[in-house]
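Welcome, and thanks for opening the viewer. Let's take a walk through this fold together, one selection after another.

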Amino acid sequence: MAEDMSWTRSPSGQEPVEIDTSVPSIARVYDAFLGGKDHYPVDQEIADQAAKAFPDGGEGARTNRRLLVRAVRYLARQGIDQFLDIGSGLPTAQNTHQVAQEINPEARVVYVDNDPIVLAHGRALLENDDRTVVVTADIREPDFLLNHPDVAGMLDTTRPVGLIMNAVIHHLLDEENPDGLVETYKKWLPPGGYLLLTHFCSSTPEARGLESVLRQALGRGRLRSMAQIAGFFEGLEMVEPGVVYLPYWHPDEPVKAPLDIAGLLVAGGLGRKPSGE
């Protein structure tokens, strides 16, 4: 076996899946940003390049993770007890299932990522949790993803679901029709369900520099304006304060103004699908 190859199990759990560790992975690059240990030198190299272009010390990634925690906590307190977390990335502190199940131990969570290494790590983490599963699928293939047996078997679509797209849509290029894909998932979302979506924002030159690094290193990465990010929520009832820079969304402590470059990197919000639909 070549030195730059490793193996995990396929979604069926029967066949080995080859992981080319010489090719960077979005999930592993984020792990490097967050100071994790589940990445390879090629991923760290991209994280280092991004840090030079966007010198925030990884605070933007941590700001996004803290928003996820606040939003899942909010949803669980609204009675949402089932979640579909698409583009979940590698397990790290305060995962969706941990936050939700702290409030409601019966909460169910499906994690989805297109990197098979996420499946391996997730299964090890969740070995004794029958209310949380990890699925290998691609957000660009909604029919496969939404009809996957582990998704359909875990989530009851006759009741509201918390749909999480945390820092994932900005990895879709314009030609991959991100608006249409988000619309497809919104149509699947049961009435009374919520969409949480966060996205790199193009409002600062530093952020635009980060986009260049992502495009060159990963072949993908698209920053969008605040108005474009708000457009993903069309047809939903927005939870106050709407689409904002993440530090302003239900902060746990007073926000220091003006925001630094990390605070201006990601925008997002939480929208509810009207019950009448």
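## Stop one: helix 9

Select helix 9 together with its surroundings: its buried residues pack against helix 1 (26-33), helix 2 (41-53) and strand 7. This is a predicted model, in which local features need pLDDT of at least 70 and side-chain atom pairs count only at pLDDT 80 or more, while totals for chains, interfaces and linings use all residues. Residues are numbered from 1 along each chain as its sequence is written, and side-chain values use heavy atoms, with hydrogens and water left out.

A few terms for this stop: helices (H or I, at least four residues) and strands (E, at least two) are DSSP runs, numbered from the N terminus. Buried means under 20% relative accessible area, exposed over 50%, and partly exposed in between, with a 1.4 Å probe and protein chains only. Contact means heavy atoms within 4.5 Å.

Helix 9 covers residues 205-218, and its 14 residues reach 20 Å from the first C-alpha to the last. That is close to the 20 Å expected at 1.5 Å a residue, where the expected span is 1.5 Å times one less than the number of residues. Now colour Ala207, Leu210, Glu211, Val213, Leu214 and Leu218, which are buried. Look down the axis of helix 9: these buried residues fall within an arc of 165°, so they line one face of the helix. The arc is taken from the directions from the helix axis to the C-beta atoms. On the face turned away from the buried side, find the exposed residues Pro205 and Gln216. Step just past helix 9 to Gly219, which takes a positive phi of about 80°.

## Stop two: Pro24

Next, select Pro24, in the loop between strand 2 (16-20) and helix 1. At 24% relative accessibility, Pro24 counts as partly exposed. Which residues does Pro24 contact, leaving aside neighbours within four places in sequence? They are Val42, Asp43, Ile46, Ala217 and Leu218. If you set a distance label between the C-alpha atoms of Pro24 and Ile46, 22 residues apart along the chain, expect 7.9 Å.

## Stop three: strand 10 and its partners

Move on to strand 10 (residues 266-272), where six of the seven residues are buried. Strands pair here if DSSP finds at least two bridges between them. Strand 7 (residues 194-200) runs antiparallel to strand 10 over seven bridges, and Phe200 stands opposite Val266. Strand 8 (residues 237-238) also pairs with strand 10 in the antiparallel sense, over two bridges, with Met238 partnered by Gly271. Strand 9 (residues 244-245) makes two antiparallel bridges to strand 10 as well, and there Tyr245 has Ala267 as its bridge partner.

## Stop four: the nonpolar cores

Keep Phe200 selected and add Phe83: these two have the most contacts inside the largest nonpolar core, which has 43 residues. Helix 3 (residues 59-77) gives the most to this core, with six residues. A nonpolar core is a set of buried Ala, Val, Leu, Ile, Met, Phe, Trp, Tyr and Cys residues joined through side-chain atoms within 4.5 Å. Zoom in on Phe83, whose contacts more than four places away in sequence include Val72, Leu75, Ala100, Val110 and Ile164. A second, separate core of 35 residues includes Val112, Ile139, Leu163 and Val243.

## Stop five: salt bridges

Finally, switch on the charged side chains. The structure holds 15 salt bridges, each a side-chain nitrogen of Lys or Arg within 4 Å of a carboxyl oxygen of Asp or Glu.

Start with Arg73 and Asp252, whose closest N and O atoms are 3.9 Å apart. Arg73 lies in helix 3 and Asp252 in the loop between strand 9 and strand 10, so the pair ties together parts that are 179 residues apart in sequence. Asp252, at 61% relative accessibility, counts as exposed.

Then select Arg159 and Asp81, with 3.0 Å between the closest N and O atoms. Arg159 is partly exposed at 33% relative accessibility, whereas Asp81 is buried at 19%.

Is the last pair, Arg220 and Glu176, buried or exposed? Both residues are buried, and their closest N and O atoms are 2.9 Å apart. Add Asp138 and Arg140 to the selection: salt bridges that share partners join Asp138, Arg140, Glu176 and Arg220 into one network.
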